[in-house]
Amino acid sequence: MAAQGSLLPRVLAALADPRPPGSDDTCLEKLLDWFRDLTGPAGSEETDPALKLVQDNPCLTEFFNSVLALPEPSPCILSFTLRLAGILAASKNCFQHLQQEKLLGRLFGSAGPLSSAEWEDASVRSGWLDGVCSMMRHQPALHFICSDGAIAVIFALQGDPSLFVASIASSLLVQMLILSVASETTKPSSSKDCDWPACAQVIIKHIEDSLRSCSASHVEQSLKLLTVLFRTCPATWTEAIWLRIAKQIESFLMEKTVQAENMLASLLLNVARSPVFCDSSSFWVLVTCALQHLNPVHAGPLAVGILKLYQCPQDVNTKALTVLLQPMDCILRAASQPLEYAGLLDESVSDPTTVESLLSSKSSCVSLLCQTLDHLGELLSLVSLPLDLSYASLLQSVMTLLQFCNGFLSPASPLGSTISRILINCFRVQRSALDVIAALAEQKGCDSLIVNLFDVLLAYLESPNTNPTVLKKTLHATSEWLLRLRYRSCSSNQWPQAEKIFEAVFVALQKRLCSPCWEVRDSSLEFITYLMEHLKGCDVFRQLLLSLEVPRLIENLLEDPESYVRASAVTAFGHLAFINGSAPQSPVGENQYNNENIVTKLQEILSNDPEVFPRRAVIIFFNEWLRGVHTGQLEDTEQFVSRVIQTVEHDLDWEVRLGGLELVEVFCRYTICQLGPPECPDAPASPAVAGSIPQNEPLQVFCRAKLFSFLFQSLCDCDKPVAEKACSILLGLSTSFHPVGTLKGSQETGNTPAERGIAWLQRILKQGSLAQNFPTDGGNGVDFQDPESMMLALGTIDLKELHDELNKSSDHVEKSPQSLLQDILAAVGTTEENEADCY
């Protein structure tokens, strides 16, 4: 810390200047982070880094005194000072040192900024709380805050107008309570005050008094605090704390004397997560009471949380699931003729008229249904539910809801008519419902509804009124059910029915691919790509796809005016090659969408498209294709890769160039797999290299494909990820050809033209992105297509050193502590040179 030690006194003196021209909050935050790193975990007094820091840098104590002496300190600097003091005081030894210096009382006690004008600034209040939070790591700090009256300040700050300050205050009280009881090795024998540590008694009494208060804000503050507390409190104390407040919570639920129902639900859920209550019948009775008496909007989050715990009594799980299904049951009944089909539920947890009332109101109907659907989606994503659910009935209810939303249902009941009017074209409900439809594709027992379901989905696919975002969700749900339909039909020999559905979907899709809305065209392309990825082995799907107009429409969209659509079209068009590759006999000449034509078309886009997204899509596809279905002759693959990299090496987009390097990496593995591993020279001496070249067929292939000129040029790329990737590939090749390591450093090379060229190349590579006009044409004695020269280069150039240099963070200098301190000095502008410049 020598360099920083000379700058720190100047920085702190500048910050304590009574008339600083302004300081950068970001720099101050970084400075606090630096102090946190310096102090680290405290050890013994001899090794305590915080204490040593303060003792070795008396400027810190001087800084605190200087700021405290200012008549009107800047709120920003005062907040920084309080937070810094808290960081240092987190060490017990340093805390005692600062106490001896009589600083902590002036900073955090009644003699501090609590009664000053600066206290009106929220940043000062939050800085004070942050400082106390930081130091709250040991009992002396706890006793200091409790004995100096500061705890009353924290109580008051719970109701601060700044929500940020209020939140910190609640978290701090929880931290203090946990620290207080942490000194006790066992839980209290009872809930009486005499069994509790002094500080814990004060905080618990404050919570109890607030809960009994007539002030709604005080009640809410305590509920927030308890919610945080039960998320973190040790299990040994959870039950004792709960016993002291359970009756009051029960009265809130039964008498409905508090409006903060969402907080009550969160509180109960956090308590339920404690293992202490697994077998507590009285607690679960209270949870059941909450499920019955809370508004369904607030009971829903509690219900889904309970069902995800896997440790609740079965009857509580049943009631929790019933809470979530009640709105969907209401939808089902509102839409049906009498006795046409049963609802989801035999009985309700709470009064059904409450749910009906919420669904009849425009202000609450949509929010309740979206929340319910989102919760059901969460449950469907679980590996297993704690109890059985009628998936078919749930699917029927969600389909009914979607029909309400698009006006395709004429409800028989007055409630159904009201709900229908509210939900017509409601995008929010449609999106959430379609998410549940997609999730239900993985559940059993729904096959009898497949035809009806596709009627609903096709109505959305075909309707011109379908919102683009809703259409995207519809396409996703359709793709999931088409996959299910394919597997179901294969196992039950029901392909005729499946073919009709597939054909109807494709016909609707063709219209969507011609939509004037680019988002619709884009979503449709993504949909067909997804199907091609997952159904490429299905002959019926492949034949249907190629027999319709879909491939031609995809090809047309390669020239779409919107670059995002062109990029999606590239991906879809490329996947036609996967379709061909998965066929029993690849149809090279059957249709115009054979692999050769596809690749040629995409290479043109890579060369000519003026925007980056289509070009990125092409290089991504080429990588997938080379890894996947491509099984051509090595010579054809070599020519393909060579053409691609000669195109991408001049591309202005670094992601395209990086994709080209990934293609090279795949090709190298492919080539070595085809030809076998390269034969390496026995000794790392350059005269022996030439004799090993004829056996190194992979090296000859790489040279012919012009890989090395691309790789070495990429080593000097101004975009770091490109240079790193190139270096990684070359290092791998060097290891393959020279497993014993580097031949020799450039300073040891001989006088042959090739050796001089390699020495020159190593010097150029060390310049990195500063190298100008990197030669790839054999200039300066380096022939990148000569196997002998490249063997020599791989064995001579210190690629490991280059790799380590590239892996260094580019900001390792700029983010150094010394640089940070210099930035702060520059920000406050106290140097004489700066003052002279004003003249």
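Which residue forms a salt bridge with R657, and how far apart are the closest N and O atoms? The partner is D719, and the closest N and O atoms are 2.8 Å apart. The legends below start from this pair in the predicted model.

**Figure 1. Salt bridge between R657 and D719.** R657 lies in helix α34, whereas D719 lies in the loop between α37 and α38, so the pair ties together parts that are 62 residues apart in sequence. R657 has a relative accessible area of 8% and is therefore buried, because buried means under 20%. D719 has 24% relative accessibility, so this residue counts as partly exposed.

**Figure 2. Salt bridge between E638 and R704.** The closest N and O atoms of E638 and R704 are 3.1 Å apart. Because E638 lies in helix α33 and R704 in helix α36, the pair ties together parts that are 66 residues apart in sequence. With a relative accessible area of 9%, E638 is buried. R704 counts as partly exposed, at 46% relative accessibility.

**Figure 3. Helix α36 and the elements that cover its buried residues.** Helix α36 spans residues 697-704. Its buried residues are P698, L699, V701, F702 and C703. Which elements are included in what covers them? Among them are α33 (634-648) and α34 (654-675). The cover also includes α37 (707-715), α38 (720-737) and α40 (787-796). After α36 comes K706, which has a positive phi, near 65°.

**Figure 4. Salt bridge between R244 and E208.** The closest N and O atoms of this pair are 3.0 Å apart. R244 is in helix α14 (residues 235-255) and E208 is in helix α12 (residues 198-211), so the pair links distant parts of the chain, 36 residues apart. Are R244 and E208 buried or exposed? R244 is buried, with a relative accessible area of 16%. E208 is also buried, with a relative accessible area of 13%.

**Figure 5. Salt bridges that share partners.** E29, R83 and D130 are joined into one network by salt bridges that share partners. The count of salt bridges in the model comes to 26.

**Figure 6. Aromatic pair of F63 and F80.** The count of aromatic pairs comes to 20, and this view shows one of them. How is such a pair described? A pair of aromatic rings is described by the distance of the centres and the angle of the planes. For F63 and F80, the ring centres are 6.0 Å apart. Their planes are at 70°, and planes over 60 degrees apart count as edge-to-face, so this pair is edge-to-face. F63 belongs to helix α4 (residues 58-69) and F80 to helix α5 (residues 75-89). The pair links distant parts of the chain, with the two residues 17 residues apart. F63 is buried, with a relative accessible area of 2%. F80 is buried, with a relative accessible area of 2%.

**Figure 7. Aromatic pair of F283 and W284.** F283 and W284 form an edge-to-face pair. The distance is 5.1 Å centre to centre, and the angle between the planes is 70°. Both F283 and W284 are buried.

**Figure 8. An aromatic cluster.** Which residues form this cluster? The residues are F578, F621, F622, W625 and F640, which form one aromatic cluster.

**Figure 9. A nonpolar patch on the surface.** The patch is formed by W518, Y564 and F613. Together these residues have about 270 Å² of accessible area. W518 is found in helix α27 (residues 518-535). W518 is partly exposed, with a relative accessible area of 31%.

**Figure 10. Confidence along the predicted chain.** The protein chain averages a pLDDT of 85, and 85% of the residues score at least 70. Where is confidence lowest, and where is it highest? Confidence is lowest in helix α43 (residues 832-837), at a mean of 40. Confidence is highest in helix α23 (residues 427-440), at 97. Over residues 682-694 the pLDDT is below 50, and this stretch has 18 contacts in the model beyond near neighbours in sequence. Residues 741-749 also have a pLDDT below 50. Beyond near neighbours in sequence, the stretch 741-749 has 22 contacts in the model.

Note on methods: Residues numbered from 1 in each chain as written. Predicted model: local features only at pLDDT ≥ 70, side-chain atom pairs only at ≥ 80, totals over all residues. Heavy atoms only, no water. Buried < 20%, exposed > 50% of the residue type's maximum accessible area, 1.4 Å probe, protein only. Helix = DSSP H or I, 4+ residues; strand = E, 2+ residues; numbered from the N terminus. Contact = heavy atoms within 4.5 Å. Salt bridge = Lys/Arg side-chain N within 4 Å of Asp/Glu carboxyl O. pLDDT = per-residue confidence, 0-100. Phe/Tyr/Trp six-rings, centres within 6.5 Å; stacked < 30°, edge-to-face > 60°. Patch = residues over 30% accessible without salt bridge, like charges linked within 9 Å, V, L, I, M, F, W, Y side chains within 5 Å. Areas by Shrake-Rupley, 256 points an atom, 1.4 Å probe, with all protein chains shown as cover.
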